[in-house]
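User: Hi! I am new to protein structures, so please show me how to read one feature at a time.

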Amino acid sequence: MNKVSLLVFLAALAFVPALGAESAAAKSLSPEDAVKAALSGDARVEGAAWDLLAAQAKAKEAELRRLPALSLATSYTRLSDLQSSIDFGGRIISLSSLDNNFSLNANLQYPVFTGFRLEESAKLAAVQAQGKAITAEMIKRSLVFEVLRSYWEALRASNNVGMLKESRDLAVHSLEVVKPQLAQGTALRADLLNAEMRLNQAEMDLGAATNAQRKALLSLAVLVGAGSGASLDLNGKPEPVPDSRFPSLDAPELIRRALENRPETRASSLSAVSAELGYKLATAPLYPTVNLTGSYAFADPNPRVYFQSDPWKFTGTWSLGLSVSYDLGGLPANLSAREAQADSLAKSRSDDRRQRETVELDVRSCLLSFEQARTDYGIVSSMIDQALENERVTERRVAAGTASDLDLESAKMSRLKVEFSIANKLIDEQIAAADLERAAALASVE
């Protein structure tokens, strides 16, 4: 078997079905399909999307609050009749009150200057909306890696079942070989017991692997929204990761991209901006507040008009004013609040610097893991030629009568373990590549 045949074998091994869980309606799933299904149906992604819409609506509300406040009010009041009289130099004039009170009022209030409260509040709400967008992206990127890792681990579990099934078959064959040898006197009772023990162990290992496979497939099915009872057919192939999958494998370049694009660094930078806006809001009470007010009243009777006797005469009046206020009593507390916000701003900047250091360490660690996975695959894949040659030589020795069937079974098992190790190293490389894409923010989440 050459290396081309080995790749064909590994590809076939990836199609090992879930024992006891396969159905006629098994859903074929590739890594790309799994990611797409998870992004479109995950409840966390959906919740983050609604949270973003709510934050955007609040940002719009904060912006609209900068407009002048205009209110309209109308009222009607029925009054009891009140008789009164006025003495004008001995001349008594009887008056009766108006029984119906109608009014229509328009009031306008415009904050000319509020210490930049409204402006900074609108900016802060916009920054918070950006933060929600970054949070949604963070959830998506985390989900992409989670799904890819779950996919490849489920495929590893399926491959493990396939290998252990073949190992169990070899143990059964070994026991069948020992039994006639024991009857012929060419094998000992201990050989038979050892063969039975290896078969029992193989059965136990296969049962544990089958259970682990079911759990892995269950986790993947839940992630992609297929339901806990769905049957999945994983058609992905554990192949070597080409360099073209990454724009660069240079550590400084990957770190630069990560610092620019990682949601974590953007969120920490946004937190610093939010803290700056909070500092400006804390400074706002130190400024005076200037308000422009205006009103127009159209009423019958109008309280500003005296001696109204016509019950159906409406009179309009208006007013315009400017008010300036300053909170002297709250000045010490406002100064302390500004000082506290300044400390929070310094902390946010420190957290931003720490987050960038953490991202840089994450990228370097993931790059080292990916390079190590590649190296391990190269070492293990070079062992297959020796395993295949050992199996070929053992087959010839068995044919020549210089080796037993047990020797051949042992050679086959060694070859099988090497092939399984190669498949595992390829899966390790795929997971390490996905982790590096996550660390450098290279994976698409649209």
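Analyst: Let's start with sheets: two strands pair if DSSP finds at least two bridges between them. Strands (E, at least two residues) and helices (H or I, at least four) are DSSP runs, numbered from the N terminus. This is a predicted model, in which local features need pLDDT of at least 70 and side-chain atom pairs 80 or more, while totals for chains, interfaces and linings use all residues. Residues are numbered from 1 along each chain as its sequence is written, and side-chain values use heavy atoms, without hydrogens or water.

User: Which residue stands opposite Leu-72 in β5?

Analyst: Look for Ala-106, which faces Leu-72 across the two strands. Leu-72 belongs to strand β2, residues 69–78, and this strand runs antiparallel to β5 with 10 bridges between them.

User: How many bridges join strand β5 to strand β7?

Analyst: There are 11, between residues 100–113 of β5 and residues 289–300 of β7, and this pairing is antiparallel too. To find your place, take Leu-108, whose bridge partner in β7 is Gly-294. You can then carry on across the sheet: β7 is joined to strand β8 (residues 315–325) by 11 bridges, again antiparallel. On that side, Thr-293 stands opposite Gly-321 in β8.

User: Now for the rings. How many aromatic pairs does the structure hold?

Analyst: Nine. Rings of Phe, Tyr and Trp (its six-membered ring) pair if their centres lie within 6.5 Å; planes under 30 degrees apart are stacked, over 60 edge-to-face, and the rest tilted. Try Phe-113 and Tyr-287: their centres are 5.9 Å apart and their planes meet at 90°, so this pair is edge-to-face. Phe-113 sits in strand β5 and Tyr-287 in the loop between α7 (263–283) and β7, so the pair ties together parts that are 174 residues apart in sequence.

User: Are those two rings buried or exposed?

Analyst: Buried means under 20% relative accessible area, exposed over 50%, and partly exposed in between (1.4 Å probe, protein chains only). Phe-113 has 25%, so we call this residue partly exposed. Tyr-287, at 36%, counts as partly exposed as well.

User: And where do Phe-246 and Phe-370 lie?

Analyst: Phe-246 is in the loop between β6 (232–234) and α6 (251–261), while Phe-370 is in helix α8 (residues 331–381), so the link spans 124 residues of the chain. Their rings make an edge-to-face pair, with 5.3 Å from centre to centre and 65° between the planes. Both of these residues are buried.

User: Which residues form one aromatic cluster?

Analyst: Select Tyr-76, Phe-102, Phe-298, Trp-312 and Phe-314, and you will see the cluster.

User: Can we finish with some single residues? Where is Ser-121 found?

Analyst: Ser-121 is in helix α4, which covers residues 117–184. With 31% relative accessibility, Ser-121 is partly exposed. Now compare chain and space: Glu-63 is 58 residues away along the chain, yet the C-alpha atoms of Ser-121 and Glu-63 are separated by 8.2 Å. For a strand residue, choose Val-112, which has its place in β5. The relative accessible area of Val-112 is 46%, so this residue is partly exposed.
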